[in-house]
Amino acid sequence: MGDLSITDRTAFRRAVRGLGIAAVVATLVSTTACSSVDPSASDSASPTATVTATATAPTSTSSDTGATPTPTTSPTPTASGSPFALSDPDTWTISGDEVGPIALGGSTSAEVDDLRAAYTRDSSGCPASPATSFWHREASPGLIVEDRDGTVSGVEIGSPQTTATSVTGPETSAGTGVGSSLAELKAAHRDLAALPSASSGEQAAVPTTWTIDAGSRHITFQLGRDGEHVALVWVGQQATPPYEFCG
């Protein structure tokens, strides 16, 4: 290069710089080409993920799923007092809600079915109230189940025409029932109140019908012919026992 003129040397340098720039450009193009991703290859090898938002389903309930809930009906009242034997009325308890298995306010047809284990139903009908039923049992006070609009509205145990001197059949939690003496009633029930004799169809100087409050109902005791012992027990909303069920 010592023989080159200034002009030649200048031309040579420019050529070298041109080649260097071309090499650099070629290198950059090659690098870019190597790092580029073929669109068609990108579509097949690494597809863009599509995310669908889904919530984790909770345990299904009628309100969660929108399903119409099954309608519920008020349960028929059932006896819920002291344990008793269905076939033994001596174990039945008298309360304002029930007489043994007979639930006051329950469906008459359902409640009287339970009586068949201990009583026999009388075949005689009751024209004024066909669903009112009469039941009897050997050596035990009879039963009358009063119906009103398909439900048990009252229960009567015993008969005012009989006289018993010892408790037999269903009794209250205080141990009173058909056969209890008036003295026993007064000792067992501090809220015992006398009803006017005329209200029970009787004309007597001494009250023969006594009652206690039992929630929304009354438990009423009517003395028998001797005027000393209970012959009839009535459970119902009115304190006075019905004078006639079928009249």
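Which two cysteines form a disulfide, and how far apart are their sulfur atoms? Here are my notes, starting from that point.

1. **The disulfide.** Cys-126 and Cys-246 are the pair, with their sulfur atoms 1.9 Å apart. Keep in mind that this is a predicted model, and that the structure holds one disulfide. The link of Cys-126 and Cys-246 is left-handed, with -120° about the S-S bond. It ties together distant parts of the chain, 120 residues apart: Cys-126 sits in the loop between β4 (120-121) and β5 (133-137), while Cys-246 belongs to the segment after β12 (230-236).

2. **How covered the two cysteines are.** Cys-126 counts as buried because its relative accessibility is 3%, and buried means under 20%. Cys-246 has a relative accessible area of 22%, so this one comes out as partly exposed.

3. **Confidence, before you zoom in.** The mean pLDDT of the protein is 75, with 64% of the residues at 70 or more. Residues 1-65 stay under 50, and for that stretch the model has 10 contacts beyond four places in sequence. Residues 71-79 are also below 50 in pLDDT, with 15 contacts in the model beyond near neighbours in sequence. Where pLDDT is low, the predicted coordinates should not be read in detail.

4. **The overall make-up.** The protein has 247 residues, and buried ones make up 33% of them. Its secondary structure comes to five helices and 12 strands. Taking the contacts with a separation of 6 or more, 46% are between residues 24 or more positions apart.

5. **The second largest pocket.** How much space lies in the second largest pocket? About 200 Å³. It is lined by 17 residues, and the closest to its centre are Ser-140, Pro-141, Gly-142, Gly-158 and Ser-159. β5 and β6 (140-148) each supply at least two residues of that lining, and β6 gives the most, with five residues. By chemistry, the lining divides into eight nonpolar residues, eight polar and one charged.

6. **Two residues with positive phi.** Most residues other than glycine have a negative phi, and most peptide bonds are trans. Ala-139 goes the other way, with a positive phi near 60°. Ala-139 lies in the loop between β5 and β6, and it counts as exposed because its relative accessible area is 73%. Asp-149 also has a positive phi, near 55°. You'll find Asp-149 in the loop between β6 and β7 (151-158), where it is exposed, with a relative accessible area of 77%.

7. **His-229.** Is His-229 buried or exposed? Buried, because its relative accessible area is 19% and the cut-off is under 20%. His-229 is in the loop between β11 and β12. Its C-alpha is 8.5 Å from that of Ser-166, although the two are 63 residues apart in sequence. Leaving aside neighbours within four places in sequence, His-229 is in contact with residues from several parts of the numbering: Ala-164 and Thr-165, then Gly-179, Ser-180 and Ser-181, and then Gln-222, Leu-223 and Gly-224.

8. **Glu-171.** This residue is in strand β8 (residues 171-172). Glu-171 counts as partly exposed, at 26% relative accessibility. Which residues is Glu-171 in contact with, leaving aside its neighbours within four places in sequence? They are Trp-92, Thr-93, Ile-94, Thr-176 and Gly-177. The C-alpha atoms of Glu-171 and Gly-100 are separated by 9.2 Å, with their positions 71 residues apart along the chain.

9. **Gly-215.** Look for Gly-215 in the loop between β10 (209-214) and β11 (217-223). Its relative accessible area is 74%, so Gly-215 is exposed. Gly-215 and Gln-237 are 22 residues apart in sequence, and their C-alpha atoms are 9.4 Å apart in space.

Terms used: Residues numbered from 1 in each chain as written. Predicted model: local features only at pLDDT ≥ 70, side-chain atom pairs only at ≥ 80, totals over all residues. Heavy atoms only, no water. Helix = DSSP H or I, 4+ residues; strand = E, 2+ residues; numbered from the N terminus. Buried < 20%, exposed > 50% of the residue type's maximum accessible area, 1.4 Å probe, protein only. Disulfide = S-S within 2.5 Å. 1 Å grid on protein atoms, 1.4 Å probe; cavity = no way out; pocket = protein on both sides within 12 Å on 5 of 7 lines; lining within 4 Å. Points joined across faces, edges and corners; volume = space filled by probe spheres on them. Nonpolar A, V, L, I, M, F, W, Y, C, P; charged D, E, K, R; others polar. pLDDT = per-residue confidence, 0-100. Contact = heavy atoms within 4.5 Å.
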